[in-house]
Amino acid sequence: MQQSAVPELAHTHTSPIQWVATATAIAGVVALSSLLQPDPATAAQPGAGATSAAAPVAAPDPAGVDFPITCGPTKVLVEKKASGDLDGDGRPETVAVVRCDAGSGTPPSGVYVLTQAEGAKEPRVVATLVDPKDRLSVTDFAVRDGAVTATLLGYSSADVPSCCPDVKDSAKWQWKNGAFVRSTPPEARSV
């Protein structure tokens, strides 16, 4: 083994007092950092123009809403619901897929848009996207990016039994010029 030409330096050996000094310095930094905390973060939607820190508005709850569907002796069943700001006013709407709670068969669905004005006790139906009179059932239902999408199952003729829909269609609704406009989603047009 070759010996170093430089003599050993005193500062390359640690002593207990150096460890105590290092531990004291670290403890001081930790204690000081717990006293100096940044202000709590607040989030805001970019471009929303809102500068107030108001609490988010809750989406309307479809429970207890009087839907325009006639079920006779059976009750109304909310099968699915989803919420989002559909008209760009900063308040969420709820879209509910509703049908009669029949024991068997394929009862038709209704798709309704609910809103609740500030200070109102109950939400109200503001639009019917699918009327139960059209004899359609709704599957693959979603609210995304200000649009409502659904797969609709229906019948090619009145002779087709209600248990067995034989027509499948995709639909998309978006708020345009004060009304919900129905279109066919691009992915539904592909072969």
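## Arg182 and the β7–β8 end

In this predicted model, Arg182 counts as partly exposed, with a relative accessibility of 42%. Its salt-bridge partner is Asp169, and the closest N and O atoms of the two are 3.0 Å apart. Arg182 sits in strand β8 (residues 179–183) and Asp169 in strand β7, so this contact ties together parts of the chain that are 13 residues apart in sequence. Asp169 is partly exposed too, at 32% relative accessible area.

The two strands also pair with each other: β7 and β8 run antiparallel, over five bridges. Within that pairing, Trp175 stands opposite Phe180 of β8. The β7–β8 hairpin has two residues between its strands, and Asn177 takes a positive phi there, near 55 degrees. β7 has a further antiparallel partner in β6, this time over eight bridges. One place to look for that pairing is Ala147, whose bridge partner in β7 is Gln174.

## The nonpolar cores

Now to the inside. Which residues of the largest nonpolar core touch the most other members? They are Val95, Leu129, Phe141, Val148, Leu152 and Trp173, out of 19 residues in that core. The elements giving two or more residues to this core are β2 (93–100), β3 (109–115), β4 (124–130), β5 (137–144), β6 (147–154) and β7 (167–176). A second core lies apart from this one; it has nine residues, including Phe67, Cys71, Val98 and Cys100. As a general point, nonpolar side chains in soluble globular proteins tend to be buried together.

Leu152 is a good residue to click on. Leaving out residues up to four places away in sequence, Leu152 touches Val130, Leu136, Ser137, Val138, Val167, Lys168, Asp169, Ala171, Trp173 and Arg182. That list takes in Asp169 and Arg182, the two residues of the salt bridge described above. It also includes Trp173, itself among the core residues that touch the most other members.

## The other salt bridges

The structure holds three salt bridges, and two of them involve strand β1. Take Glu79 and Arg99 to begin with: their closest N and O atoms are 2.8 Å apart. Glu79 belongs to strand β1 and Arg99 to strand β2, so the pair ties together parts that lie 20 residues apart in sequence. Are the two ends buried or exposed? Arg99 is buried, at a relative accessible area of 16%, while Glu79 counts as partly exposed at 35% relative accessibility.

Then there's Asp61 with Lys81, whose side chains meet in a salt bridge at 3.9 Å, N to O. This one links distant parts of the chain, 20 residues apart: Asp61 is in the loop between α1 (16–35) and β1 (76–84), and Lys81 is in strand β1. With a salt bridge defined by a distance within 4 Å, the 3.9 Å of this pair falls inside the cut-off. Lys81 counts as exposed, at 53% relative accessibility, because the class begins over 50%. Asp61, at 42%, counts as partly exposed.

## Two disulfides

The structure also holds two disulfides. Counting bonded cysteines along the chain, they follow the pattern 1-2, 3-4. One joins Cys71 to Cys100, with an S to S distance of 2.1 Å. Cys71 is in the loop between α1 and β1, whereas Cys100 is in strand β2, so the bond ties together parts 29 residues apart in sequence. The torsion about the S-S bond of Cys71 and Cys100 is about -90 degrees, so this disulfide is left-handed. Both cysteines are buried, and both are among the residues of the nine-residue core.

The other disulfide joins Cys163 to Cys164, with S to S at 2.4 Å. Its torsion about the S-S bond is about -70 degrees, so the Cys163–Cys164 disulfide is left-handed. How do these two cysteines sit, buried or exposed? Neither quite fits: Cys163 is partly exposed, with a relative accessible area of 45%, and Cys164 counts as partly exposed at 38%.

Notes:
Residues are numbered from 1 along each chain as its sequence is written. This is a predicted model: local features need pLDDT of at least 70, side-chain atom pairs count only at pLDDT 80 or more; totals for chains, interfaces and linings use all residues. Side-chain values use heavy atoms; hydrogens and water are left out. A nonpolar core is a set of buried Ala, Val, Leu, Ile, Met, Phe, Trp, Tyr and Cys residues joined through side-chain atoms within 4.5 Å. Buried means under 20% relative accessible area, exposed over 50%, partly exposed in between (1.4 Å probe, protein chains only). Helices (H or I, at least four residues) and strands (E, at least two) are DSSP runs, numbered from the N terminus. Contact means heavy atoms within 4.5 Å. Two strands pair if DSSP finds at least two bridges between them. A disulfide is a pair of cysteine sulfur atoms within 2.5 Å.
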